[in-house]
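Here is a quick tour of how some helices pack and which charged side chains pair up. Have a look at the structure first, then read on.

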Amino acid sequence: MPPREERTNSLYLADIVIAARTVIRWLDQRGDGWSTDEILQNAVLRQLLVIGEAASHLTDETRNKLPDLPWRQMRGFRNHAVHAYFSLDWEIVREVAEVDLPTVEAAVSQLLATEYPEAVGHVPPAGK
């Protein structure tokens, strides 16, 4: 892979980790108020859009390094949320954030550490 493409992939992977860690931290801090906290809901949705957008820009080669992650669903979620916003089911958004994101964050963090160690410095530690 050309160096620029590798660098670009590493930055998109870093975006995914940063957005996932942000959501995980917010839910840990304020998760009990999900059903009444519109700001939290919309902030989480925004980070999920970042993840979907970053996932759509990764090369197939990079996505194939983590074949168990739901790349197509990440991209599809982003497209649905942007184009059919008023039909969003907020409980599905919450489930994605609470159930799926920790797995995505762990897998992508590991890939960054092993394949793109130079990009790890751009990612704040978990919980920060």
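Which side chain meets arginine 78 in a salt bridge? That partner is glutamate 53, with 2.9 Å from N to O. Keep in mind as you go that this is a predicted model.

## A bridge between H2 and H4

The arginine 78 and glutamate 53 pair ties together distant parts of the chain. Arginine 78 belongs to helix H4 (residues 71-83), glutamate 53 to helix H2, and their positions lie 25 residues apart in the numbering. Glutamate 53 isn't tucked away completely: its relative accessible area is 30%, so it counts as partly exposed.

Now zoom out to the two helices that carry this pair. H2 and H4 pack with their axes 8 Å apart, at an angle of about 125 degrees. That angle makes the two helices oblique to each other, and H2 goes past H4 in a left-handed crossing. On the H2 side, the contact uses Leu45, Leu48, Leu49, Ile51, Gly52, Glu53, Ala55 and Ser56. Facing them from H4 are Trp71, Met74, Arg75, Phe77, Arg78, Ala81 and Val82. Sorted by class, that contact comes to 10 nonpolar, two polar and three charged residues. Both members of the salt bridge, Glu53 and Arg78, are listed among the contact residues.

## H2 against H5

H2 has another packing partner to look at. The axes of H2 (residues 38-57) and H5 (residues 90-115) come within 10 Å and cross at roughly 60 degrees. H2 and H5 are therefore oblique to each other, and this crossing is left-handed.

Who does the touching here? From H2 it's Gln41, Asn42, Val44, Leu45, Leu48 and Ile51, and from H5 it's Trp90, Val93, Val96, Ala97 and Leu101. The split is nine nonpolar and two polar residues, with no charged ones. Leu45, Leu48 and Ile51 turn up in the H5 contact and also in the H4 contact.

## More charged pairs

Side chains of opposite charge can pair when their charged atoms come close. How many salt bridges does a search of the whole structure find? The count is six, and here are two more of them.

Aspartate 60 pairs with arginine 63, with the closest N and O atoms 2.5 Å apart. Both sit in helix H3 (residues 60-63), and because they're three residues apart there, about one helical turn separates them. Arginine 63 is buried, at a relative accessible area of 10%. Over in H5, arginine 94 bridges to glutamate 98, where the closest N and O atoms are 3.0 Å apart. These two are four residues apart in the helix, so again the separation is about one helical turn. Arginine 94 is partly exposed at 21%, and glutamate 98 is partly exposed too, at 39%.

## Along H5 and past its end

Further along H5 you'll find serine 109. Is serine 109 buried or exposed? With a relative accessible area of 16%, serine 109 is buried. Leaving aside residues up to four places away in sequence, serine 109 touches Val17 and Arg21.

Tyrosine 116 lies in the segment after H5, and its 2% relative accessibility puts it in the buried class. The C-alpha of tyrosine 116 is 8.3 Å from that of arginine 7, although the two residues are 109 residues apart along the chain.

Technical notes: Residues numbered from 1 in each chain as written. Predicted model: local features only at pLDDT ≥ 70, side-chain atom pairs only at ≥ 80, totals over all residues. Heavy atoms only, no water. Axes fitted to C-alpha atoms, helices over the stretch in contact; angles between N-to-C directions. Parallel < 35°, antiparallel > 145°, perpendicular 65-115°, else oblique. Left-handed = near helix turned anticlockwise from the far one by under 90°. Contact = heavy atoms within 4.5 Å. Nonpolar A, V, L, I, M, F, W, Y, C, P; charged D, E, K, R; others polar. Salt bridge = Lys/Arg side-chain N within 4 Å of Asp/Glu carboxyl O. Buried < 20%, exposed > 50% of the residue type's maximum accessible area, 1.4 Å probe, protein only.
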